[in-house]
Amino acid sequence: MTFQQLFPLTDNIWMTVLVLMLILSVPALCRRLRFPQIAGLIIAGTVVGPGLLDIIETDAILGYAGRVGLLFIMFFAGIQTDLEEMKRNRSCGIAFGSLTFLIPFAACLWTGQSVLGLDAGAAGVIGCIMGSHTLVSFPIVSRFGIDRRKSVTISLTGALVAILIALVLYSVLISDSKEASSVLFLLLKLTCYVAAVVLIYPRITRRFFRQASSNFSHFLFVMLLLAVACALARLIGLDAILGAFLAGLMMNRYVPNTSPLMHRMDFIGNALLIPVFLLTTGMMIDIRGVCSDWNTLRVFAIVFIAGSAAKWIAAFVIQKVSHFDRDDRLILFGLSESHAAGALAITTGAYSIGMISLAVLSATVLIVLFSCILSNIVTEHAASRIFLKGRKDESNGYERLLVTLTGSNTLEALMDTAMTIRPRKGPEMVGLYVTVGGEHATKYMQDGKGRLQEAAAIAASADVPFVVHNRLGNNIVESIVHATKEFDVTSLIMGMPLRRSITTYYYENIVRPLLESVSGEIVLQRMTSPLNTVRRIVVLVPGPVIQDNAFAKSIGTVFKICTATGCDTVFYGKVQAIDAVRGAMKGSEGGRISFCEVSETVDMDWAINELHDDHMLVIIGARDTESHAARSFHHLYEHIHLKDNDFSTMLVFPSAQVQDGTGRETGARTSRDLLKMLRV
């Protein structure tokens, strides 16, 4: 049997086998060769596609999966964007988007007319193609964990601006060539579309997440909203990638990066859909046909060099204006260099109405290939340098989080918070369930085993190492204390009973003994609604505080929650307390974090009275029962437990000890603690 008789493959099963083999083997080979994996998949698609070996051809199913993979890339770009960073740098982002479109557009317009001899319409289409870009290399910055870096945020804003300008200008260019809606009507439809998504998506998402508890239904709901946004974008004459990016921005705060839902989407996208998109992109390139046409190669070389040089100039200008380093300039250039489905859509549309020739169409396909390869090489080089630089700057501290599931009625909410505040540089989390001995101890031990397995499944879905421990003891507090010492934990999180059960008795018999026996940070929470649906956080810092490493760590814990929820956060406290919070944040506070200075602790009562069921109250507690801060905390605690409320509550108690340079716990926090030790 000859090669021509075997290939191209027509059976869907064998096509699936070959595609999965490529997705599995090509990245592994690229890692050994130190070559960008994304670029390797595109080249592999070119080799096995109809344009070269013709082993596999792009059928409807493969093309559909590839198209969805591109939408996933744009959706991830929107959902992983730091919205507050985007707001703070919106001027720079808009400037970069304008420059990264206008400079390549002007360069390609002049080159197309003066060098290639094209008319103004065809040269303008080429300018739109090279001015816009698709974030094909965004998975690289996401993989290195720098997706919230300032230069990346500016690149994402610039991508949105460049796509919008390209689509509007492209509509202007083709308005004389075919019957289409006027540009003003297109802008009106675009405005209505964006307004509808911005106003409707957050509201229905918040309501659905509060009512539906299944993670699978959450996943399907998010996918449905993504598909609807893309379909509506196509309905008004825009590309679906714009809808995917906008849907990601709107879903940003409801899908935290540490949530199991985010990891499910990331797994499906990066494991299958995005690699299929890269393979299908390479399969569209007819290498044999392109290489036999010297005019196509000439058009490709001239346009690619002009457009890439213009993209680099735009990145260089923004680097100088924003005072970035060389790596950030490469990030700006790498993310804005790649062209994919958007460029092909514009080119195909222009070719169908006769605005451009077949040589320009074939050259655009080559531009897609080489721009993606160059983009991935540059982005991977810069991202790896930034990642290694960040690892050198990190301390080698040791942290481990203990999650106590005993007495918690909201296991999912407790695990969501635990994965949000967990230390990134520590080992696995520890799950603990305590059963008090008695005649029904065996039954309760089995119940605890089931809860631990459920918590472990949630952690595994987020790719978080999780160790379970089912303990039988005579006292809950003593068992928790023993577990903290046995596993050498530095932080403890525990669920509180719901509603009016948070009484003085609970504080005296559970909270206070833990404060006296556990030296690490203690977080107690009562969630009445999912964490990602909280609309406002009120943080109370009662009394004067001691600004040390332990306090800074607790403020960092609160800041992680504020960042994950993305909602308005207000800190209340006296002048000294607010100054300590500002110092602990070290300039990390964003546009949605504000501070309110009060003269006395009783002035915080009105802030509690204004809370609603979708708000969360956070109180920074004090360990020393004799201090003024402790008395202020007790006043607030009495206020919340006497009030029949529906808002979520969190109590954060800083560590009783500070950390030395190695990150391990050392001496007492205050001189009062030292005196107590001396008395003993």
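Which residues form a nonpolar patch on the surface? In this predicted model, the patch consists of Val194, Val198, Leu199, Ile200 and Ile204, which together have about 370 Å² of accessible area. Val194 belongs to helix H10, which spans residues 183-211. The relative accessible area of Val194 is 31%, and this residue is therefore classed as partly exposed, the limits of that class being 20% and 50%. Patch membership requires over 30% relative accessible area, so Val194, at 31%, meets that requirement.

The protein as a whole contains 27 helices and twelve strands. Of its 680 residues, 55% are buried. The accessible surface amounts to about 29000 Å², of which 60% is supplied by carbon and sulfur atoms. Among contacts between residues at least 6 apart in sequence, 80% join residues at least 24 apart.

In soluble globular proteins, nonpolar side chains tend to be buried together. In the present model, the largest nonpolar core comprises 131 residues. The residues with the most contacts inside this core are Phe75, Phe76, Leu135, Val222, Met265 and Ile331. Helix H18, covering residues 358-393, gives the most to the core, contributing 13 residues. When residues up to four places away in sequence are not counted, Val222 touches Phe75, Phe209, Met251, Val255, Leu261 and Met265. Two of these partners, Phe75 and Met265, are themselves listed among the core residues with the most contacts. A second core, separate from the largest one, has 48 residues, including Leu405, Leu531, Ile537 and Met650.

Side chains of opposite charge can pair when their charged atoms come close. A search of the whole structure gave twelve salt bridges. One of them joins Lys389 to Asp327, with the closest N and O atoms 3.5 Å apart. This pair links distant parts of the chain, since Lys389 lies in helix H18 and Asp327 in helix H16 (residues 326-337), 62 residues apart. The two partners fall into separate accessibility classes: Lys389 is partly exposed, with a relative accessible area of 38%, whereas Asp327 is buried at 2%. Both residues also take part in a network of salt bridges that links Asp325, Asp327, Arg385 and Lys389.

A salt bridge is also formed between Glu399 and Lys553, where the closest N and O atoms are 3.8 Å apart. Here too the pair links distant parts of the chain, with the two positions 154 residues apart in numbering. Glu399 is located in the loop between H18 and strand E1 (401-404), and Lys553 in helix H23, residues 549-565. Burial is assigned under 20% relative accessible area; Glu399, at 16%, therefore counts as buried, and Lys553, at 17%, is likewise buried.

The salt bridge between Arg512 and Glu508 is placed within a single element. Its closest N and O atoms are 3.4 Å apart. Both residues lie in helix H22 (residues 504-517), four residues apart, which corresponds to about one turn of the helix. Arg512 is partly exposed, with a relative accessible area of 28%, and Glu508 is also partly exposed, at 36%.

Terms used: Residues are numbered from 1 along each chain as its sequence is written. This is a predicted model: local features need pLDDT of at least 70, side-chain atom pairs count only at pLDDT 80 or more; totals for chains, interfaces and linings use all residues. Side-chain values use heavy atoms; hydrogens and water are left out. Patches are made of residues with over 30% relative accessible area and no salt bridge: like charges are joined within 9 Å, nonpolar side chains (Val, Leu, Ile, Met, Phe, Trp, Tyr) within 5 Å. Accessible areas come from the Shrake-Rupley method with a 1.4 Å probe; for residues, only the protein chains shown count as cover. A salt bridge is a side-chain nitrogen of Lys or Arg within 4 Å of a carboxyl oxygen of Asp or Glu. Buried means under 20% relative accessible area, exposed over 50%, partly exposed in between (1.4 Å probe, protein chains only). A nonpolar core is a set of buried Ala, Val, Leu, Ile, Met, Phe, Trp, Tyr and Cys residues joined through side-chain atoms within 4.5 Å. Contact means heavy atoms within 4.5 Å.
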